[in-house]
Amino acid sequence: MTPPSVEYGLLSPMLIVLGIAVVGVLVEAFAPRAARYPSQMVLAIGGQIGALAAVTTQWLQLNSSGRVAVVGAVAVDRPALFLQGTLLLIGLLATLLIGQRIPSGGLAAFTPQASSVPGSVAEKDADSAGAVQTEVFPLAMFALAGMMLFGVADDLLALFVGLEVLSLPLYLMCALARRRRLMSQEASLKYFLLGAFSSAFFLYGIALLYGYAGTLSLTGIASASGSHAMALVGIALLSVGLLFKVGAAPFHSWVPDVYQGAPTPITAYMAAATKIAAFGALLRVFYVALPALATDWRPVLSAVSVLTMAVGTLIAIAQNEVKRMLAYSSVAHTGFILTGVVALNSAGLSGSLFYLFAYGFSTLGAFAVVSVVRESAGDEENDLRRWAGLGRRYPFIGVVFALFLLAFAGIPLTSGFVSKFAVFKAAAVGGAPELVVIGVIASAVAAYFYVRVIVLMFFTEAPEDAPVVQVGALSRAMIVLTAVVTLLLGAVPQPLLNLVDSAGQFVR
Amino acid sequence: MTGMWWLTTLWALPMIGGAVVILLPSSARELARWVALGVSLAVLALVVVLAVRFDPAGPRYQFVENHRWVPSFGTGYILGLDGVALALVVLTAVLVPLLIIAGWRDGGAQGPSYLALILAVQSMVLISLAALDILLFYVFFEAMLIPMYFLIGGFGADRAAASKAAVKFLLYNLFGGLIMLAAVIGLYVVTADSPAMGAGTFDFRAIADAVSTGQLQLSPAVGNALFGGFMFAFAVKAPLWPLHRWLPDAAVQSTPATAVLMMAVMDKVGTFGMLRYCLLLFPAASMTFRPLIITLAVIGIVYGAIVAIGQTDIMRLISYTSISHFGFIILGIFVMTDQGQSGSALYMVNHGISTAALFLIAGFLVARRGSRDIADYGGVQTVAPVLAGCFLIAGLATLSLPGLAPFISEFLVLVGTFVHYPIFAAFAATALVLSAIYILWMYQRMMTGPVSPESRTLGDLVPRELAVVVPLIALLLVLGIYPKPALDVINPAVSHTSTSSAERALK
């Protein structure tokens, strides 16, 4: 039996990130304590820049139709490279957010010793001894590698491998919060249990689809002709797993709890990157493997999209916790992006890609703002009511956060408007005008709770001992950058639209 | 004429000016005011040049600029002015410097941001008036809500009430705008599917041409739905009864200058949108909806006037008169006669001037006394004769006294209406009587009679206030006696609109 050919060059972005992750583990084990943080930062940033360079090179070398690698397990086409590039950019910015430190040297958002019981003597000892654990960096790199694979996998097993590689480090990272550790661990456990459950569905769906098509390759499934019933059940189960990861209703219940409990940099990372990767996978599965069965899955996916928009916007209205509010908003955005998936045309693909890029940056920026608003004891202040008057006392933070909220609301001249326009246009052209109408109504409802926060920040008197804003250089740079991207994509979106338009076709 | 940057300069000037103002250090508050005033005067100067160079007998759209913007969406950066747009651009350019002077100290400690927001609104209004691309128009039609929202919510006397009014304003208008977004997308799909266009486009002139030549045929259902989406947004903004609920609150709770900016300048984009977009893009649907809209407009005319009579708050009274007048403007647009539409276009300008005069003078009075309650005044004309006299002239203009500007436009609208709808015209004409009641009764209660004890110390208009009032009164008189220059510019644009919609109706 001849060994399968492995195109190392084509896989280089993922291999670089995985390699960096492995080196990171070694650094964690062998490097002296003082050297860990700088070397981890250098590794993570350097590695992602290297991987980004590899992605760019491949983009330039690739012809527009793309190709497959590792005997059809991985697709290397324009959408794949665009997703990987976006993930790497988001990853780079998230690394800056993760890498923020407190004066004593520890990571600001992460516990010095994750293994100690919350509130125990061991925890206090670790704290006072100035223990620093930087294992979050290699974990983030493993997750990133998994996401990069998840979005480009061209057969169902590779897809599953990607899913697990991205999920397991995320479960762990959710539990690493420095403050409110019990809540963080609860979030992690909840995420893990539900995630494992959904993985089981996913795997079962893979099995049934294999039974239907006799192959695991997405292109093979597209041309298969087996038992229709088996295919339908298979699609349904597979979709449960995918929709769970993107946070679509009715599989969204983990989103608010996990977003709230996880350390804010990780929440930001998840909200931006996981969604990108999972939508990449979702788009590829439905566009490449299942277009022939569209009459069966499109109505269901439309319904899921409507339900997701409705649930996200309606429940977000009642939220008083900023991270939960953003979590439900993220659910609503999942619904909007799903309209692009339902469109099932090239504009739907490129519109969704644009949306993911733009949303990734705004959401990263919004959570970065959340991470710098602190109460007097130094904890994050997540109670929205106590954000009253923040915009007047800290105009920079107020204006930037308002900008992100307006982008989420889809107000023109922000990236959010262009994104919504792109997916709605695709859906309308793709014959789903009812989704557009429901989408704009949902946007109108959603505007209410975004505006409410702006009212609170600018037009309401500040409470006693109001929260303070402590912006480090890294987070300030990141916030400015994401805000600039949000504005630029709103005013002159054409360059990025050109890019996604050229990525409007999956390799088949 | 592509390659000339007149209109880009026109909107970029206030935008950049606003950015400069907000970047000034907070200690330079006084400087910020002068910079803002200078910028708005520069805009006015530029508009004067444009108005002089505009050739009423020339092509329909002048100063056209056409550049690429987002080809993926079929939208371009296309600007150009026709006569109606030019008239409103002039109105905007005239009013904004006066508003800056009128609200000289309104910004308080946050003066620079207040002025920057005013300039931002001006810039966005100008670009939406000049846009010849539907998506470009839409983008600024929506985006102007944000600076306006901060103006209403951030600078009113009563913070809590102001922020509530601002939210109401924003939600109403945002909802209208988002419904329009669905229609905008629908229009794209229609053009993309149409053999006449080939690809989806938002080029207003191309679509309007294809519609008027019959190359782009919409099925009645689609046409009605798209018309409904556009009209809903414009009817919220204008506002048409029963979508007017946000206006009185927003007008009362914001500073007088902001309220005028909203009613006299920004809301005109709504009526302008009806005239430009609803009629020319969806002529058949406009005919279908004509009876409904005319009915609502007439209800709005009478309702606004009656409710105004019952008000005890000066500002609220004036804002209800505006609802009545917006009814007239919308009525004139949808009766689809030349007189009606010319009257409406002129009415937009005249209403802007007369409302500005009335509201700003009332604002000066309220600033002196600290109360908006009509009952708190009395005998003001004894202590402040100039103020009272100017208020009377502005009031008489509002009730359309012959010789003052609004008379001609209201007359034209009524004549235009009478041709097709004598009964509606009769109902609308009752507003003439009602307006006499609300204006004269308000004047009587506030300005005549014995001097109330609190009014005794009221001072007359100071030079800064006169600088605001005198130009407005002068414009009311000039346009009342000699409206020809304005009508010369407006008429060709309007006759094009009504001919093409009438032609379509006949087919």
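Nothing polar and nothing charged lines the second largest pocket of this predicted model: the lining counts 22 nonpolar residues. The space inside comes to about 510 Å³. If you want to look at the middle of the pocket, go to Ala87(B), Val90(B), Leu479(B), Pro485(B) and Ala486(B), which lie nearest its centre among the 22 lining residues. Several helices of chain B pitch in with at least two lining residues each, namely α2 (29-53), α3 (83-102), α15 (338-369), α20 (463-481) and α21 (484-506).

Now for the place where the two chains meet. Here 31 residues of chain A touch 34 residues of chain B, and the pair buries about 2900 Å², with 81% of that on carbon and sulfur atoms. Phe421(A), Lys425(A) and Phe459(A) do a good share of the work on chain A's side, giving 22% of the area that chain A buries against chain B, more than any other three residues.

What about specific polar links? The counts between the chains are below.

| Link between chain A and chain B | Count |
|---|---|
| Salt bridges | 0 |
| Residue pairs in polar contact (both at pLDDT 80 or more) | 4 |

On chain A, the side that touches chain B draws at least two residues from each of α17 (415-429), α18 (433-459) and α20 (494-502). Which helix gives the largest share of that side? That is α18(A), with 12 residues. By class, this side of chain A splits into 25 nonpolar, 3 polar and 3 charged residues.

Technical notes. Residues numbered from 1 in each chain as written. Chains lettered and ligands numbered in written order. Predicted model: local features only at pLDDT ≥ 70, side-chain atom pairs only at ≥ 80, totals over all residues. Heavy atoms only, no water. 1 Å grid on protein atoms, 1.4 Å probe; cavity = no way out; pocket = protein on both sides within 12 Å on 5 of 7 lines; lining within 4 Å. Points joined across faces, edges and corners; volume = space filled by probe spheres on them. Helix = DSSP H or I, 4+ residues; strand = E, 2+ residues; numbered from the N terminus. Nonpolar A, V, L, I, M, F, W, Y, C, P; charged D, E, K, R; others polar. Contact = heavy atoms within 4.5 Å. Buried area = accessible area lost by both parts, 1.4 Å probe. Salt bridge = Lys/Arg side-chain N within 4 Å of Asp/Glu carboxyl O. Polar contact = N/O pair within 3.5 Å; in protein donor to acceptor, adjacent residues only side chain to side chain.
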